[in-house]
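Q: I should like to learn how aromatic pairs, burial and nonpolar cores are read from a structure. May we work through one example together?

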Amino acid sequence: QHESDDRLRAAVSPAVPAGETLVGVVLANHQKTFSAKLYALGVTERHLVLQPVGRTLTPSSPAIVLAQHEVEVGNIFNEGAGIGGFGQKGQEIRFSARGEQYKLMTLGGNALENALASDGQLGGLATLADFLRTAKR
């Protein structure tokens, strides 16, 4: 699990804006109607870095670097899912930026998934949720 966390950090680090620190990274799946894309999501003090990655967790195309004011949150999954709240929307992180809608699934956010996720994934997920809580709603 630590190797995966290290690969995610290595994938995102080159896109981190100068003078900022990568404070968390999480792996997420962006499911669309007929396709899916993996992202390493990096969080800094003021930016969200969406780095598309392949199955080996290496970059597959250029990163998208979003300033906090560009992100509009629709749902932070762990804030809508209670006990028994396993509906799909309750398990997604939804936001929009630059005209694109993101519906992301991650490992973590409930007791079962937390037991399977690495410490790096859980830390990154908490950092991502904190970042999104301060974005526009």
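Q: How many aromatic pairs does a search of the whole structure find?
A: In this predicted model, the search of the whole structure yields two aromatic pairs. Tyr39 and Tyr102 make an edge-to-face pair, with 6.2 Å centre to centre and 80° between the planes. Planes over 60 degrees apart count as edge-to-face, so the angle decides the label.

Q: Which parts of the chain does the pair of Tyr39 and Tyr102 tie together?
A: Tyr39 belongs to strand S2 (residues 36-43) and Tyr102 to strand S7 (residues 100-106), so the pair ties together parts that are 63 residues apart in sequence. Tyr39 and Tyr102 are both buried.

Q: What geometry does the pair of Phe95 and Tyr102 have?
A: Planes under 30 degrees apart count as stacked. Phe95 and Tyr102 are stacked, at 5.0 Å centre to centre and 25° between the planes. Phe95 is buried, as is Tyr102. Ring pairs thus link Tyr39, Phe95 and Tyr102 into a cluster.

Q: Is Ser96 buried or exposed?
A: The cut-off for buried is under 20% relative accessible area. Ser96 has 17%, so it is buried. This residue lies in strand S6 (residues 92-97). Beyond neighbours within four places in sequence, Ser96 is in contact with Glu70, Val71, Glu72 and Gln101.

Q: Where does Phe131 lie, and which residues is Phe131 in contact with, leaving aside its neighbours within four places in sequence?
A: Phe131 is part of helix H3 (residues 119-133) and is buried, at 4% relative accessibility. With those neighbours set aside, its contacts are Val43, Thr44, Arg46, His47, Leu48, Gln68 and Val71. The C-alpha atoms of Phe131 and Glu45 are separated by 8.2 Å, although their positions lie 86 residues apart along the chain as a separation in sequence.

Q: Which residues touch the most other members of the largest nonpolar core?
A: A nonpolar core is read by asking which buried nonpolar side chains join one another. The largest one here has 22 residues, of which Leu41, Leu48, Leu50, Val71, Phe95, Leu128 and Leu132 touch the most other members. At least two residues each come from strand S1 (24-31), S2, strand S3 (47-53), strand S5 (72-76), S6, S7 and H3. H3 gives the most, with five residues.

Q: What is Leu48 in contact with, leaving aside its neighbours within four places in sequence?
A: The contacts of Leu48 include Leu41, Ile64, Leu66, Phe95, Leu128 and Phe131. Apart from the largest core lies another, of 11 residues, among them Val16, Val25, Ala40 and Val53.

Terms used
Residues numbered from 1 in each chain as written. Predicted model: local features only at pLDDT ≥ 70, side-chain atom pairs only at ≥ 80, totals over all residues. Heavy atoms only, no water. Phe/Tyr/Trp six-rings, centres within 6.5 Å; stacked < 30°, edge-to-face > 60°. Helix = DSSP H or I, 4+ residues; strand = E, 2+ residues; numbered from the N terminus. Buried < 20%, exposed > 50% of the residue type's maximum accessible area, 1.4 Å probe, protein only. Contact = heavy atoms within 4.5 Å. Core = buried A, V, L, I, M, F, W, Y, C linked by side-chain atoms within 4.5 Å.
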